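Hi,

Here's the structure I promised to pass on. Have a look at it first, and my notes on what turned up are underneath.

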Amino acid sequence: MTFFRLLFGDERCIEQLTDFLKSVLRIPHDDYGDLTIVDPFLLPEYKGGKLGILDVKLKTKSGKSINIEIQISPLPYMRERILFYISKMVSEQLGTSEEYENIKKVISIVITDYPLIDESPKYHHRFTLFDQENKVEFSDVIEVNTLEIAKLPRNEDGTPLWVWMKFLDARTEEELNMIAEKSPQVKKAVVRLMELSADERTRMLYEAREKERRDNYAREKGAIKAREYEFAKKLLKRNRPIAEIIEDTGLTHAEIEELIKVTDLAREEVEGLL
């Protein structure tokens with residue numbers, strides 16, 4: 001997974017990227033005939049802004065938008081973030097007009113190195129707007145595919161997707177060489193990956209991007225924690241039970257107890273000045 005962005009964001013690897021997409025999606029194969037990489041990395045929307053979570057953005061021959069995202073570390077409210085970004089992919093098509101009939105299908109492929117869908121042991125899920133009770137699809141305009149490497153079975157399941165997932169999960173050159181023998185396109189991807197790995201400039205670029213991603217993640221996680229603490233303070237002032245505060249904020253019992261101590265200490269210091 002280390003060089004995913006650089007590998008699949010490279011126009012020279014479009015053939016391998018297409019093969020990977022075919023193993024995941026159910027769109028007509030001729031729709032890949034004019035597959036283009038729109039933006040291999042989502043840049044900040046404004047100066048000083050944080051990077052988005054989208055990694056590789058593509059357009060198919062018929063105008064479908066595909067975003068491939070990869071997450072190594074868990075992020076807070078991941079499902080909500082996925083919904084936000086895929087909704088944005090729909091709204092961006094309209095611009096200032098409201099020609100709803102021109103909306104093209106948007107597809108999100110989310111690859112994680114950790115379990116994301118706890119309700120199922122499967123490593124691939126395809127989510128659409130679907131009425132499960134009456135077996136009726138509301139619309140196929142929005143589609144979310146989740147790929148969880150942590151759930152990948154040890155033994156091959158006979159699908160091209162398993163081979164690509166195993167490629168993404170490879171940690172050593174030996175593992176890469178073994179998986180390369182299972183697919184001609186994966187073998188080409190391995191060769192390109194070796195070239196990228198040997199390129200010092202590419203390595204430095206990747207490390208710089210990874211540092212920026214980690215820094216942004218740390219800052220965002222810190223900001224979320226700060227908001228949780230502020231909300232907890234308000235609930236404490238209202239004398240809400242600790243159990244309810246834990247449920248509403250996501251803080252642990254120990255964190256809330258520490259917050260109570262700090263809050264009481266601050267109150268005593270203010271009272272001492274009066």
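**Helix packing and the core**

Let me start with a helix pair: H4 passes H5 in a left-handed crossing. Bear in mind throughout that this is a predicted model. The axes of H4 and H5 come within 9 Å and cross at roughly 165°. An angle over 145 degrees counts as roughly antiparallel, so that is the label for H4 and H5. If you want to pull up the side of H4 involved, pick Trp162, Val163, Lys166, Phe167 and Asp169; they meet Glu175, Leu176 and Ile179 of H5. By residue class, the contact of H4 with H5 splits into 5 nonpolar and 3 charged, with no polar ones.

H4 also packs against H2. Here the angle is about 125° and the axes are 8 Å apart, which makes H2 and H4 oblique to each other. This crossing, H2 past H4, is left-handed. From H2 the contact takes in Gln16, Asp19, Phe20, Ser23 and Val24, and from H4 it takes in Pro160, Leu161, Trp164 and Leu168. The class split for H2 with H4 is 6 nonpolar, 2 polar and 1 charged.

Now for the nonpolar core. In soluble globular proteins, nonpolar side chains tend to be buried together. Which residues touch the most other members of the largest nonpolar core? They are Phe20, Leu21, Ile68, Ile109 and Phe167, out of 40 residues in that core. The elements giving two or more residues to it are helices H1 (4-8), H2 (14-24), H4 (160-169), H5 (173-180) and H6 (184-198), plus strands S2 (56-59), S3 and S4 (106-112). H4 gives the most, with 7 residues.

Phe20 is a handy place to centre your view. Setting aside neighbours within four places in sequence, Phe20 is in contact with Phe8, Ile68, Ile111, Leu147, Trp164 and Leu168. There is also a second, separate core of 12 residues, which includes Ile82, Val110, Tyr114 and Leu116.

**The chain overall**

Zooming out, the protein chain has 9 helices and 6 strands. Of its 274 residues, 39% are buried. Taking the contacts between residues at least 6 apart in sequence, 57% join residues at least 24 apart.

A few pairs show how sequence separation and distance in space compare:

- Leu193 sits in helix H6. It is 186 residues from Leu7 in sequence, yet the two are 6.7 Å apart C-alpha to C-alpha. Leu193 has 11% relative accessibility, so it counts as buried.
- Val191 is in helix H6 too. Its C-alpha is separated by 9.5 Å from that of Leu176, which lies 15 residues away along the chain. Val191 counts as partly exposed because its relative accessibility is 46%.
- Glu255 belongs to helix H9 (residues 253-273). Glu255 and Tyr229 are 26 residues apart along the chain, with their C-alpha atoms separated by 8.8 Å. Leaving out neighbours within four places in sequence, Glu255 is in contact with Lys225 and Tyr229. With a relative accessible area of 22%, Glu255 is partly exposed.

**Two backbone angles to look at**

Most residues other than glycine have a negative phi, and most peptide bonds are trans. Where does Tyr77 lie? Tyr77 is in the loop between strand S3 (65-71) and helix H3 (78-91), and its phi is near 55°, a positive value in a residue other than glycine. At 51% relative accessibility, with the cut-off for exposed being over 50%, Tyr77 counts as exposed.

Asn239 is the other one on my list: not a glycine, but with a positive phi of about 60°. You'll find Asn239 in the loop between helix H7 (200-237) and helix H8 (242-249). Is Asn239 buried or exposed? Its relative accessibility is 67%, so Asn239 counts as exposed.

That's everything from my side. Shout if anything is unclear.

Cheers

Technical notes. Residues are numbered from 1 along each chain as its sequence is written. This is a predicted model: local features need pLDDT of at least 70, side-chain atom pairs count only at pLDDT 80 or more; totals for chains, interfaces and linings use all residues. Side-chain values use heavy atoms; hydrogens and water are left out. Helices (H or I, at least four residues) and strands (E, at least two) are DSSP runs, numbered from the N terminus. Buried means under 20% relative accessible area, exposed over 50%, partly exposed in between (1.4 Å probe, protein chains only). A nonpolar core is a set of buried Ala, Val, Leu, Ile, Met, Phe, Trp, Tyr and Cys residues joined through side-chain atoms within 4.5 Å. Contact means heavy atoms within 4.5 Å. Axes are lines fitted to C-alpha atoms, for helices over the stretch in contact, and angles run from 0 to 180 degrees between N-to-C directions. Angles under 35 degrees count as roughly parallel, over 145 as roughly antiparallel, 65 to 115 as roughly perpendicular and the rest as oblique. A crossing is left-handed if the near helix is turned anticlockwise from the far one by less than a right angle, and right-handed if clockwise. Ala, Val, Leu, Ile, Met, Phe, Trp, Tyr, Cys and Pro count as nonpolar, Asp, Glu, Lys and Arg as charged, and the others, Gly among them, as polar.
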